[in-house]
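Let's take a walk through this model together, one feature at a time. Have the sequence and the 3D view open side by side as you read.

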Amino acid sequence: MNEHPHVPLLTLDTLWFQVAGTICNIACTHCFISCSPKNHSHEMLTLADVENRLAEAKALGVRDYYFTGGEPFMNRDLLPMLEATLKQGPATVLTNGMLLRKEVCGRLREMADRSDCSLDIRVSLDGFDRETHDAIRGPGVWDRVMIGLRNLAEAGINPVITVTEAADGVRTEQGRRRFLELIRAWGFSKPRLKILPLFRIGAEEKRTRAYEDWERLTTPVLTDHDAEVLQCSSSRMVTSKGVFVCPILIETPEARMGDTIGETLRPFQLRYGACHTCWVEGVSCRT
Ligand code: SF4
Ligand code: SF4
């Protein structure tokens, strides 16, 4: 049997923070890390955790920073964390959009205006309307996201709307156009849309199916060029349990590479079904 390939760390451009751990205010049926209000598998990061890794990242030449969870805005220190981050590089926050209160959006705007680095907000949606979105994310979520989007628009922040392929038809040209129209109608004249594949792990494994044995990478399949597009060749993920190879495998103990970023600067073996999705889809969680 062919061995699974190793991906080298070609450059460390991006650092992720699992800032809310696996704690979320909702429990989406497709969440690849099964986040929920009760999942404390990874705890929230503290401001000191983030500051320590930022200092290390600066010395290592990291260029940009991403904050995810769980729901990042559940972490009370998120804004000071962003403030600290924007002193050394661009930051992006991935959110479900439910906690984007007016005051929060105003502070995000002020922070972005004060910094030379960009601050991006990514809001996740899973359908063209309340019915399809809430079927994945829970009752009442669509309405709260719409309020959050309105608050962003009023603050002059143009978010990236992230949609998974769980939203039926979104990958077709027609579906894409329909989404762009929706985003314009919400007040964003220059719509930004990112479509992501589903990873068949966590809750998604139960909603649809697990990976089959054949859905694994083998050594002859992966070329140097493929390695470049995989985000594990240029990023690492900081969590409360240590530094992991990427944002996708944080529930895989073998994907924990060290306590510090410095301990993770080595190749990683792509043995997992999710790695197959990354390769087939050419996926990157970066904006
Ligand atoms: S997909 Fe995002 S919003 Fe949904 S449960 Fe997971 S972390 Fe929370
Ligand atoms: S899941 Fe994707 S990003 Fe993570 S190690 Fe596998 S190929 Fe790399």
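Helix α2, made of residues 78-85, lies across three strands: β3 (64-68), β4 (91-95) and β5 (119-125). Relative to β3, the helix runs at about 170°. Keep in mind as you look around that this is a predicted model.

Those three strands belong to something wider. Nine strands form an open sheet, and if you trace across it you meet them in the order β7-β6-β5-β4-β3-β2-β8-β9-β10, with mixed pairing. At the edges you will find β7 (192-196) and β10 (256-258), each of which pairs on one side only. From one strand to the next, the twist averages 30°.

Now pick out β2 and β8 in that order. Strand β2 covers residues 14-18 and strand β8 covers residues 235-239; the two pair in the parallel sense over four bridges. A handy landmark here is Phe17, which stands opposite Val238 in β8.

The loops deserve a visit too. In the loop between β2 and α1 (47-60) sits Ser34, a residue that has a positive phi of about 50° although it is not a glycine. Another loop, between β3 and α2, holds Gly70. Check the backbone just there: the peptide bond from Gly69 to Gly70 is cis, with omega near 25°.

Gly70 also leads us to the first ligand, as it is among the residues that surround ligand 1. The others are Cys24, Ile26, Cys28, His30, Cys31, Cys35, Asn96 and Arg137. What classes of residue make up the shell around ligand 1? There are five nonpolar, three polar and one charged. The space taken by ligand 1 is the largest cavity.

Ligand 2 takes up the second largest cavity. Around ligand 2 you will see Gln231, Cys232, Val245, Cys246, Leu249, Phe268, Leu270, Ala274, Cys275 and Cys278. Which helix gives the largest share of this shell? That is helix α9 (residues 273-281), with three residues. By class, the shell around ligand 2 has nine nonpolar residues and one polar residue, with no charged ones.

For a last stop, find Cys117 in the loop between α3 (102-114) and β5. Gly89 is 28 residues away along the chain, yet the C-alpha atoms of Cys117 and Gly89 are separated by 5.6 Å. Leaving aside neighbours within four places in sequence, Cys117 is in contact with Gly89 itself, along with Leu86, Gln88, Pro90 and Ala112.

Technical notes: Residues are numbered from 1 along each chain as its sequence is written. Chains are lettered from A and ligands numbered from 1 in the order in which they are written. This is a predicted model: local features need pLDDT of at least 70, side-chain atom pairs count only at pLDDT 80 or more; totals for chains, interfaces and linings use all residues. Side-chain values use heavy atoms; hydrogens and water are left out. Two strands pair if DSSP finds at least two bridges between them. Axes are lines fitted to C-alpha atoms, for helices over the stretch in contact, and angles run from 0 to 180 degrees between N-to-C directions. Contact means heavy atoms within 4.5 Å. A residue is near a molecule or strand if one of its heavy atoms lies within 4 Å of it. On a 1 Å grid over the protein atoms alone, a cavity is a set of points where a 1.4 Å probe fits but cannot get out, and a pocket is an open set with protein on both sides within 12 Å along at least five of seven lines; lining residues have an atom within 4 Å of a point. A molecule sits in a cavity or pocket if more than half of its atoms lie within 2 Å of its grid points. Ala, Val, Leu, Ile, Met, Phe, Trp, Tyr, Cys and Pro count as nonpolar, Asp, Glu, Lys and Arg as charged, and the others, Gly among them, as polar.
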